[in-house]
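Reader: I should like a close look at a single part of this model, set in the context of the whole chain. Please state the cut-offs behind each term as it arises.

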Amino acid sequence: NIQLRGVTPESHPRLVADLASLGLIDADPAAEARRNLIVTPFAGAATDRLAEALAAALPRAPVLPGKFGFAVDTGPAPVLAATPADIRLERAADGRLLLRAAGMALGAPVPEAEAPEAALALARWFVATGGMREGRGRMAALIAAGARPGGALAGRVAPAPALAPPGPGLCPRGALVAFEFGQMRAETLAALAALGSLRVTPWRMLLVEGLARLPALPGLITDPADPLLRVFACTGAPGCGQGARPTRPLARALAGRLPAGAVLHVSGCPKGCAHPVPADLVLVATPEGFDLIRDGTAAGRPRRRGLSEAHVIDLSEFS
C-alpha cells in the first residue's frame with residue numbers, strides 16, 4: 001500500500017473527501033479491516049477481475065486477526081512467495097487456479113467464478129478450527145500445528161515455481177522504480193503518474209506501466225545493484241516518538257560499506273517496524289547509543305551495546 005505522511009488536522013477533511021471521490025475509502029472501518037489484500041503488480045485482466053471479485057467478497061468474511069491477509073498471485077508467474085499472506089490464489093503449472101493455505105505445499109483447484117467464496121470458506125475454516133485466539137493468529141501456525149482443510153479445500157496440486165522478487169529496471173510491463181527507504185515525495189508520485197498507470201508493489205517499488213526507458217527523476221533508484229536497496233530504516237527520531245535517535249543518516253553512511261548481499265536494518269527502537277524479519281546486521285537506537293545484533297531482528301540479543309555512530313562506522317562488520 002501507500003502510506004500518506006504529513007497530513008495535518010487542517011488538511012485531513014479535504015484529503016478524506018478527495019480519497020472518497022476516487023473510491024479509495026471503504027464504507028465503514030469493519031469492511032476496511034477485512035480488505036487486507038495484496039495483488040501481484042504483474043497482473044493482467046484476469047487477475048484484476050479476480051482481485052476485484054475477492055475484494056467485493058471480503059466484507060462478508062468472518063472477523064479475522066489484524067495481520068491476516070489474502071494474496072492474488074495469478075500473473076504470468078508467482079512473485080509473492082516471500083510476501084506474507086495467509087490465503088493465496090495462485091496458478092498451477094498447467095494454468096489452473098489454485099487456492100492455497102499458507103504453510104501448505106499444495107493448493108486446491110477452484111473455478112475462477114467460485115474462487116472468492118472458496119477463499120471465504122477457507123477463512124471460516126481457519127476461525128472454526130481455532131486458528132484465532134484472543135484476536136491473533138496466522139494460517140501458517142495453524143497448519144504447522146497439524147490442522148488441514150478437507151473436502152474441496154484440501155490441497156492437491158502444486159503451484160507453479162515462484163520467481164524471485166525483481167529489482168528496479170525495465171520489465172515486460174514497464175519500468176520498476178525504487179525509493180530510498182521506500183519513501184518518496186508527493187511531487188515524485190505525481191511525476192510518475194504523468195508517465196503511465198502505476199501499480200504498487202510489496203518491494204518498495206512502483207511499476208510504471210508501458211514505459212520503454214527508465215524515468216530520469218530525482219529520488220529514484222533504478223540500479224538493481226544500489227546498496228540502498230538492502231538497507232531498511234524507520235523514520236527514527238525526531239519524526240517518531242518511539243525513536244531514541246535519528247536512523248537514516250547512519251543508514252546512508254553505512255550503505256556503501258555493506259558486505260556483498262548483506263541486509264542492514266537500522267531501527268529507532270526495539271519494535272523494528274521497518275523490517276520485522278531477521279537481517280544480517282541490525283542496529284537498534286537506545287538512549288546510550290546503538291546496539292548491534294547479527295542475524296536477527298531489532299528485538300534480538302545484542303552482541304555490542306551503546307555504540308556511538310562513529311564507532312559503528314568503524315566496525316569491521318561494515319567493511
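Author: The answer below begins with the whole protein and then turns to one residue and its surroundings, followed by two others.

This is a predicted model, in which local features need pLDDT of at least 70 and side-chain atom pairs count only at pLDDT 80 or more, while totals for chains, interfaces and linings use all residues. Residues are numbered from 1 along each chain as its sequence is written, and side-chain values use heavy atoms, with hydrogens and water left out.

The protein has eight helices and 15 strands; helices (H or I, at least four residues) and strands (E, at least two) are DSSP runs, numbered from the N terminus. Its radius of gyration is 21 Å, close to the 20 Å that the globule rule gives for 319 residues, so the protein is as compact as a globular protein of that length. That radius is taken over C-alpha atoms, and the rule is 2.2 Å times the number of residues to the power 0.38. Along the principal axes, the C-alpha atoms fill a box of roughly 60 × 45 × 45 Å.

Of the 319 residues, 42% count as buried. Buried means under 20% relative accessible area, exposed over 50%, and partly exposed in between (1.4 Å probe, protein chains only). Contact means heavy atoms within 4.5 Å; among contacts with a separation of 6 or more, residues 24 or more positions apart account for 55%.

The part chosen for a close look is leucine 250, which is found in helix α7 (residues 248-255). Leucine 250 is buried, with a relative accessible area of 1%. Not counting residues up to four places away in sequence, leucine 250 touches Leu283, Phe290, Glu309, Val312 and Ile313. Threonine 40 lies 210 residues from leucine 250 in sequence and 33 Å from it in space, C-alpha to C-alpha.

Arginine 148 offers another setting, in the loop between α5 (139-144) and β6 (169-171). Arginine 148 is partly exposed, at 48% relative accessible area. Leaving aside neighbours within four places in sequence, arginine 148 is in contact with Met104, Trp125 and Ile143. The C-alpha atoms of arginine 148 and alanine 101 are separated by 9.0 Å, with their positions 47 residues apart along the chain.

Finally, cysteine 273 counts as exposed, at 57% relative accessibility. Its sulfur is 5.7 Å from the closest cysteine sulfur, in cysteine 269, too far for a bond. A disulfide is a pair of cysteine sulfur atoms within 2.5 Å, and by this rule the count comes to zero.
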